[in-house]
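The following paragraphs lead the reader through a single model, beginning with one pair of charged side chains and ending with the outer surface. Please keep the sequence and the structure in view while reading.

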Amino acid sequence: MMASCTNEENKIVIKKDWYQSESQVIVSILGKHTSKEECCVQFDKDEVNIQAKFATGQPYTVNLKLSRSIAPEFSSFRVLSSKLEIRLAKIEGGMWDVLERTVVKTTKPSSINLRNWDKVVNDMTKDEDESDVNTLFKKIYSDGSDEVRKAMNKSFLESGGTVLSTNWKDVGKDKVDIKPPEGMEWKKWDE
C-alpha cells in the first residue's frame, strides 16, 4: 500500500508504505536515513509525528493521523539500511481498512478535501478503449430499446453465442440458427 506525499515544508517527495498483522501496523518511510539519533518519532494514541533526516542531509516532517488508536507505550521505530520502519501496536486486534483517517481541510473560502467516487468511476470509464467489442455491445444493449435488448438476448442464446442481432423483426419470426465462423463446422459436444 504505497503512498507518496509532498512534504510542504521542504518540497520533497516522501514515499511511505505500510502493511499490518492482527496486532501491529508497520509503516516504512522509504529512503536511506542518517541515524536513529537524528530521527524523532512521537507516538500518540491516534497520531504519529516523525521528524527525521535522509542520508542526503535533507530533513523532513511527517504527521500521520491514524484511522484507529494505537498503544504508544508498545510502539517503536528503527532505522534500517533503506528505510525508517515504524511499528505501531494496535489496541484492538483486527485489520485496518486504511492507515490514516480522512482529514477535512478548511481554508478561506471553505473547501473540503473529500473524494468524489462517482467522478473517479466516470473518469476511469472515459479512458476505456471504445473499440473494445464488449464495451460496444454493452453500450448498444444499455442504450437500446426493449426490442433491441430482446433481439440481442434471443439471438445470442438460440445461436449458442454465434449470432448477435439487434433487429427484433428478423429474430422474432423464427428460431435463430447457429452460424459458426467461416471455415468451421458446428457439432454438439456429444456427437
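In this predicted model, the side chains of Glu38 and Lys53 form a salt bridge, with a distance of 3.3 Å from N to O. The pair ties together distant parts of the chain: Glu38 belongs to the loop between E3 and strand E4 (40–44), whereas Lys53 sits in strand E5, 15 residues apart. Glu38 has a relative accessibility of 39% and therefore counts as partly exposed. Lys53 likewise falls into the partly exposed class, because its relative accessibility is 29%.

A further bridge involves strand E5. Lys65 forms a salt bridge with Glu47, and the closest N and O atoms are 3.3 Å apart. Here too the link is between distant parts of the chain, with Lys65 in strand E6 and Glu47 in strand E5, 18 residues apart. Are the two partners buried or partly exposed? Lys65 is partly exposed, because its relative accessibility is 26%. Glu47, with a relative accessible area of 17%, is buried, since the limit for that class is under 20%.

Glu85 and Arg87 supply another example, their side chains meeting in a salt bridge at 3.2 Å from N to O. Salt bridges with shared partners connect Arg78, Lys83, Glu85 and Arg87 into one network. Within this network, Glu85 counts as buried because its relative accessibility is 3%. Arg87 has a relative accessible area of 25% and is therefore partly exposed. Side chains of opposite charge can pair when their charged atoms come close. Salt bridges in the model number 10 in total.

The wider arrangement can now be considered. The chain contains four helices and eight strands. Read from the N terminus, its elements follow the order β-β-β-β-β-β-β-β-α-α-α-α. Of its 191 residues, 25% count as buried. Among contacts between residues at least 6 apart in sequence, 43% join residues at least 24 apart. The accessible surface of the chain amounts to about 13700 Å², and carbon and sulfur atoms account for 52% of that area.

Which residues touch the most other members of the largest nonpolar core? They are Ile50, Tyr60, Leu84 and Ile86, out of 23 residues in this core. Two or more residues come from each of strand E2 (12–20), strand E3 (24–30), strand E5 (47–53), strand E6 (59–65) and strand E8 (83–89). The surroundings of Leu84 can be examined directly: leaving aside residues up to four places away in sequence, Leu84 touches a set of residues that includes Val27, Ile29, Cys39, Ile50, Ala52, Tyr60, Phe77 and Val79. The contacts of Leu84 also include Ser28, His33 and Arg78. Arg78 is in addition a member of the salt-bridge network described above.

Strand E2 also contains Asp17. Asp17 counts as partly exposed because its relative accessibility is 26%. Although Asp17 and Leu30 are 13 residues apart in sequence, their C-alpha atoms lie 7.5 Å apart in space.

The helices follow the strands along the chain. H3 has 13 residues, and the distance from its first C-alpha to its last is 18 Å, close to the 18 Å expected at 1.5 Å a residue. The buried residues of H3 are Val148, Ala151, Met152, Lys154 and Ser155. What do these buried residues pack against? Their packing partners are H2 and helix H4 (168–171). Just after H3, Gly160 adopts a positive phi of about 70 degrees.

H2 and H3 also contribute to the surface. A nonpolar patch is formed there by Val133, Leu136, Phe137, Ile140, Phe156, Leu157 and Leu164, which together have about 620 Å² of accessible area. Two elements, helix H2 (133–143) and helix H3 (146–158), give two or more residues to the patch. H2 provides the largest share, four residues. Leu136 is located in helix H2. With a relative accessible area of 41%, Leu136 is partly exposed, and this value satisfies the patch requirement of over 30%. Leu136 can therefore count as a patch member without belonging to the exposed class, because that class requires a value over 50%.

Terms used: Residues numbered from 1 in each chain as written. Predicted model: local features only at pLDDT ≥ 70, side-chain atom pairs only at ≥ 80, totals over all residues. Heavy atoms only, no water. Patch = residues over 30% accessible without salt bridge, like charges linked within 9 Å, V, L, I, M, F, W, Y side chains within 5 Å. Areas by Shrake-Rupley, 256 points an atom, 1.4 Å probe, with all protein chains shown as cover. Salt bridge = Lys/Arg side-chain N within 4 Å of Asp/Glu carboxyl O. Buried < 20%, exposed > 50% of the residue type's maximum accessible area, 1.4 Å probe, protein only. Core = buried A, V, L, I, M, F, W, Y, C linked by side-chain atoms within 4.5 Å. Contact = heavy atoms within 4.5 Å. Expected span 1.5 Å × (residues − 1).
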